[in-house]
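Subject: A structure for you to look through

Hi,

Here is the structure I promised to pass on to you. Have a look at it first, and then read my notes below with the viewer open.

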Amino acid sequence: MTAMMTILGPLGMGAAFGFLLQRGKVTNCNVIENQFRLRDFTVLKVMGTAIVVGGLGVLLLVDTGNTKYYVKDANMLAVALGAALFGIGMVVYGYCPGTALGAIATGSVHALVGALGMVAGAILYALSFDWLKAHVLNVWALGKVRLPDVTHIPDIAWFAALAVGAALFFWWIESAEAKQKRS
Amino acid sequence: MTTITESYVRPAPRTARIDWSPYLVGAGIGLLSWIAFAVFGDPLGVTTAYSRVASLFAVPVIGPEAVAQNSYWKSMPLKWDYGVWFLVGIPAGAFIAAVMSGTWRLELVPEVWKERFGPSIAKRFVGAFLGGIVIMYGARLAGGCTSGHGISGGLQLAVSSWLFLAVMFGTGLGISALLFRKP
């Protein structure tokens, strides 16, 4: 029974995630491309809301001892270089790794071709790992730090600022989109 | 007259027929994060498991010996864990959502790409493949993708993840402006 749950649990979580990605329109390559062209703000709306809603819940869960943080290492050089490559790849491919997997299942054949490219990228990374470990991964490595640690601004203040900032930004985007629709 | 007929005959774009609000979807992903943290102790993420599975594809390319000896795959061996089943769930959920919303469609060359780079299927496949290589290499170097860093790391206020978000969006905007600049 538990063995069953270790499969069905994550399978169900993945399916719910894939379902939401498709209903959020982000399994559509045009929506992602148009986000980077500043013509469609769906990606930012989905991610921004997920971060604020998810973050407040996880903060509460951590404070009540129901979970812990799983923060990734802040290897600043590697993260910055990787993120830059990621941004380039996302514009050319039109997907991020998760939305690509969803897109394949909605009939996007070119997403499948790019997924094979992602396999090639993972192989290239594994082959260059020793060199990266010696020269890149340990440059300016800060460890598993969080913004409240380095700024001494408490979590709740960060989320208040994020929520207000996101709300103002989305309100501005919505009114601009409504105006565009009317004209 | 032709414009009236055209707008009548031409089907609505596939995304226009999904009427879920991006804020609702974002909140749903945030809620999914709570479950991922509290129940499974494994935040939403895609590329770590993708890397594990990629080692299978690497066997015919670089040989089973090289894969077994590789220091990266030694630290991240293929195993059917939470992440891999999560990965299998994503296309399943996206497929169900696409069929239910009537937006399942074969797509060889997406609209935005076609407008800019023409209708060539070969060109789009090469672009998607190369983009896929770059995005996965970047994701491994940064230690996560839009899910693992962007959403799960962002909501934990991780320093690494907010650096990832800033650099990824910044580079994406720049590359997009270059690629889609008016001739």
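A charge sits over a ring if NZ of Lys or CZ of Arg is within 6 Å of the ring centre and within 35 degrees of the ring normal. R146(A) fits this, as it lies over the face of Y69(A), at 3.9 Å from the ring centre. Another case joins the two chains: the charged end of R23(A) sits over the ring of W20(B), 5.4 Å from its centre.

A word on how to read everything here: this is a predicted model, where local features need pLDDT of at least 70 and side-chain atom pairs count only at pLDDT 80 or more, while totals for chains, interfaces and linings use all residues. Residues are numbered from 1 along each chain as its sequence is written, chains are lettered from A and ligands numbered from 1 in the order in which they are written, and side-chain values use heavy atoms, with hydrogens and water left out.

**Chain A overall**

Chain A has 8 helices and 0 strands; helices (H or I, at least four residues) and strands (E, at least two) are DSSP runs, numbered from the N terminus. The C-alpha atoms of chain A fill a box of roughly 55 × 45 × 45 Å along the principal axes. Of its 183 residues, 54% count as buried. Buried means under 20% relative accessible area, exposed means over 50%, and partly exposed is in between (1.4 Å probe, protein chains only). Contact means heavy atoms within 4.5 Å. Among contacts in chain A between residues at least 6 apart in sequence, 59% join residues at least 24 apart.

**The opening helix**

Helix α1 of chain A covers residues 2–23, 22 residues in total. From its first C-alpha to its last it reaches 31 Å, close to the 32 Å expected at 1.5 Å a residue (the expected span is 1.5 Å times one less than the number of residues). Buried residues in α1(A) include G9(A), P10(A), M13(A), F17(A) and R23(A). The buried residues of this helix pack against α5 (97–105) of chain A, and also against α2 (22–40), α6 (82–100) and α9 (146–155) of chain B. After α1(A) comes K25(A), whose phi is positive, near 70°.

**What the record says**

In an unreviewed entry, UniProt lists residues 6–22, 43–62, 74–96, 108–127 and 156–173 of chain A as "transmembrane region". UniProt positions are given in the numbering used here, feature names are shortened, and annotations may be inferred rather than shown by experiment. In the model, residues 6–22 of chain A are 100% helix and 0% strand, with end C-alpha atoms 25 Å apart. Residues 156–173 of chain A are likewise 100% helix and 0% strand, and their end C-alpha atoms lie 25 Å apart. For chain B, the listed spans include residues 20–40, which are 90% helix and 0% strand in the model, with 27 Å between the end C-alpha atoms.

**The cores**

A nonpolar core is a set of buried Ala, Val, Leu, Ile, Met, Phe, Trp, Tyr and Cys residues joined through side-chain atoms within 4.5 Å. Which members of the largest core touch the most other members? Of its 79 residues, they are F86(A), Y93(A) and I29(B). α6(A) gives the most to this core, with 10 residues. Leaving aside neighbours within four places in sequence, I29(B) is in contact with residues of both chains, including F17(A), V46(A), L44(B) and I151(B).

**Aromatic rings**

The structure holds 19 aromatic pairs over all chains. Rings of Phe, Tyr and Trp (its six-membered ring) pair if their centres lie within 6.5 Å; planes under 30 degrees apart count as stacked, over 60 as edge-to-face and the rest as tilted. Y125(A) and Y72(B) form an edge-to-face pair, 5.0 Å centre to centre with 80° between the planes. This pair crosses between chains, from helix α6 (residues 109–135) of chain A to helix α5 (residues 71–75) of chain B. Y125(A) counts as buried because its relative accessibility is 2%, and Y72(B) counts as buried at 5%. W80(B) and W85(B) form a tilted pair, 5.3 Å centre to centre with 50° between the planes. W80(B) is exposed, with a relative accessible area of 52%. Ring pairs also link F41(A), F169(A), F170(A), W172(A) and Y23(B) into a cluster.

Happy exploring!
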